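Open the model in your viewer and keep the sequence panel beside it. Each stop below says what to select and what is there.

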Amino acid sequence: MKAIGDRTHYCTELTESDIGKEVIVKGWAAKRRDFGGLIFVDLRDRTGILQIVFDASETPDFALAEKVRGEYVLAVRGKLRSRSEDRINPKIKTGTIEVLALEAQILSDSDTPPFEIDEAEKVNEMTRLKYRYLDLRTDKMTEIMRLRSEMMHVTRSYLHKHGFWEIETPYLGKSTPEGARDYLVPSRIKNGAFYALPQSPQLYKQLLMIGGADKYYQIARCFRDEDLRANRQPEFTQIDMEMSFVTQKQVMDLSYGLVREIFKKCGGVKLPAKIREMPYDEAMRRFGSDKPDTRFGLELIDISDIAKGCGFQVFERAVENVGGSVRMINAKGFVDEDNLILSRRDIDALGEFVKTFKAKGLAWISVRKNGELLSSITKFMSEDTVKAILDRADAKPGDILLFCADKDEVVYKALGALRLHLAEKGNLIDKSKYDVLWVVDFPMFEYSDEEKRFVAVHHPFTMPHENDLDILESDPGKVRAAAYDLVINGEESGGGSLRIHDRALQKRIFNILGFSDEQIEERFGFFVNAFKYGAPPHGGLAFGFDRLVMMLAHTDNIKDVITFPKIQNASDMMTQAPTPVDKKQTDELGLRIVEAL
């Protein structure tokens, strides 16, 4: 059969101004409606739907239209015309026009798909992922692919405008175990040796600064072998950036400028020109999180001073322990008898909820409409103590005070998660708003009870805060890092730091982390050696590109914004990867497969 010719237009490029033109369009048959001498086909391409009319009195290829079924791939040559008034569809962009088919060709037929494309939202996720290539045809996924592409384009344009070079770094690199587990790739040439897929291009981009690149960026693929959750995948994408001879403010301003550009051009969202900076300690004290969502209240309130000698032993023991505290949230108006948000059963459920964050339970005081207090803990306290707690909380009738007493890290995690849970339950979040802030002055180190040593909170190449260098060895737990995270709506969208460029300082950091000279050489030798030859002051940041797409696509699942994602066990429903391989392949690599324990 003679080919119809080259496509002249995408479906929704055509408008009423094109009426009377002869056009060639190509795509999938989304729907077919047969009225005897008239057959209507909704032709779909990535831009949307265009109605094709096959008229037995005017279309020589009318018999072909009778063969068309759902998801057949068609090429159509025809004349664009106005729809009759009774066929106008205001719900689609091309609802006032249609193409009268003069010639058509079936480019590919189709079996009956496992689900209707326009009803994919009703299909369970596992089925949609198994047939992901069909799911990608839906309006939602097509728009997300377009959005993702546009965001990449805006990113590249912005960074090139600011003097950055786009430079690729290797996928096959050296394993430097600090952080999540590496994905390992065995070497065929060097038996028993492995490459590691990059968890990030961190070391390479710092080496690029030593190499004189000055301003680098990359839209980088990263790999981490860790447990999955709604916003985590084993392979993901970062906007990775590094700059030489810069201050922390310069890095933060330029990086936030990129985010503003992306949100404005790709989402029509105007973020404020200036945003606040919140120290890490303040974020934890007020919100129990280093990525606080400040679109609502429910802030944490410290009552550790009141809890000392209060008579309630759970509170007293918590504050007696080093690093322990008692804190509360005032859920204002949550137990008003006329508008009950939290029932007694709900309160009990909240106690179970915080236990998932290692809290032992949840104490509470409910203030009824008549001022009466309901609680299982007030009987252990004096009236003055109870009054002091109520005053600290600014408690009013209808409020419920929710308490957690434990080590600070447990209290923060439990109440930080609880405030988010309560905000959703009480519909307290205005999801039309974007709440943006920098969190700064993170701890440089944290002590690992498991490893019995200090470990780096970010990575061992982060610059300590210049005001804390004097206590680096004497009190490492109080040292702050020159690190910064951009938080949007309670999600860490990106983070980075200034880097160490002084060999002597880097050696001090390695010593605090407990690395021997042999371990330093084995893990980071190539990297540390580069610093012998003149390293410029430098710093950078990486944005979670997938998370930015999620925000502008208004979805809370990262699988929605990755074209071919993995499921919870890191497998691919479509290809079934990971799968066993031929013994010949493992023999070539010198690998022997053993049964899992």
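The lining of the largest cavity has 5 charged residues, 2 nonpolar and 1 polar. This is a predicted model, so treat each stop as computed from predicted coordinates. To see the lining, select Ala-120, Glu-121, Arg-128, Asp-135, Thr-138, Lys-140, Met-141 and Asp-560. The space they line is about 50 Å³. It is one of 3 cavities of 30 Å³ or more.

Now select Leu-129, Arg-132, Phe-564, Pro-565, Asp-572, Met-573 and Met-574, which line the second largest cavity. Its volume is about 40 Å³. Here the lining has 5 nonpolar and 2 charged residues, with no polar ones.

Next, go to helix α15, residues 545-553. How many of its 9 residues are buried? The count is 8, so the helix is largely enclosed by the rest of the structure. Colour Phe-545, Asp-546, Arg-547, Leu-548, Val-549, Met-550, Met-551 and Leu-552 to mark the buried ones. Then show what covers them: the cover includes the helices α4 (139-161) and α6 (248-267). Strands also take part, among them β10 (235-244), β20, β21 and β22 (538-544). Just after α15, stop at His-554, which has a positive phi of about 55°.

From that cover, pick out strand β20, residues 483-488. The strand is mostly covered, with 6 of its 6 residues buried. In a regular strand the side chains alternate between the two faces of the sheet. Turn on the side chains of β20 and look along the strand: Ala-483, Asp-485 and Val-487 point one way. Tyr-484, Leu-486 and Ile-488 point the other way, and both sets are buried.

Which strands pair with β20? One is β17 (residues 436-440), antiparallel to β20 over 5 bridges. To find the register, select Trp-438 and its bridge partner in β20, Leu-486. Another is β21 (residues 491-498), also antiparallel, over 6 bridges. For this pairing, select Tyr-484 together with Gly-496, its bridge partner in β21. Follow the chain from β20 into β21 and you pass through a hairpin with 2 residues between the strands. In that turn, Asn-489 has a positive phi of about 50°.

The last stop is an open sheet of 5 strands. Colour the strands in their sheet order, β12-β13-β16-β14-β15, and note that the pairing is antiparallel. Which strands are at the edges? They are β12 (300-302) and β15 (373-375), each of which pairs on one side only. Turn the view to look across the strands: the twist averages 25° from one strand to the next.

Within this sheet, isolate β14 (residues 363-367) and β16 (residues 400-407), which pair in the antiparallel sense over 4 bridges. A residue pair to label here is Ala-363 with Phe-403, its bridge partner in β16. Finally, add helix α9, residues 313-320. The helix lies across β13 (324-331), β14 and β16. Set its axis against that of β13, and the angle between α9 and this strand is about 130°.

How values were computed:
Residues numbered from 1 in each chain as written. Predicted model: local features only at pLDDT ≥ 70, side-chain atom pairs only at ≥ 80, totals over all residues. Heavy atoms only, no water. Pairing = 2+ DSSP bridges. Axes fitted to C-alpha atoms, helices over the stretch in contact; angles between N-to-C directions. Contact = heavy atoms within 4.5 Å. 1 Å grid on protein atoms, 1.4 Å probe; cavity = no way out; pocket = protein on both sides within 12 Å on 5 of 7 lines; lining within 4 Å. Points joined across faces, edges and corners; volume = space filled by probe spheres on them. Nonpolar A, V, L, I, M, F, W, Y, C, P; charged D, E, K, R; others polar. Buried < 20%, exposed > 50% of the residue type's maximum accessible area, 1.4 Å probe, protein only.
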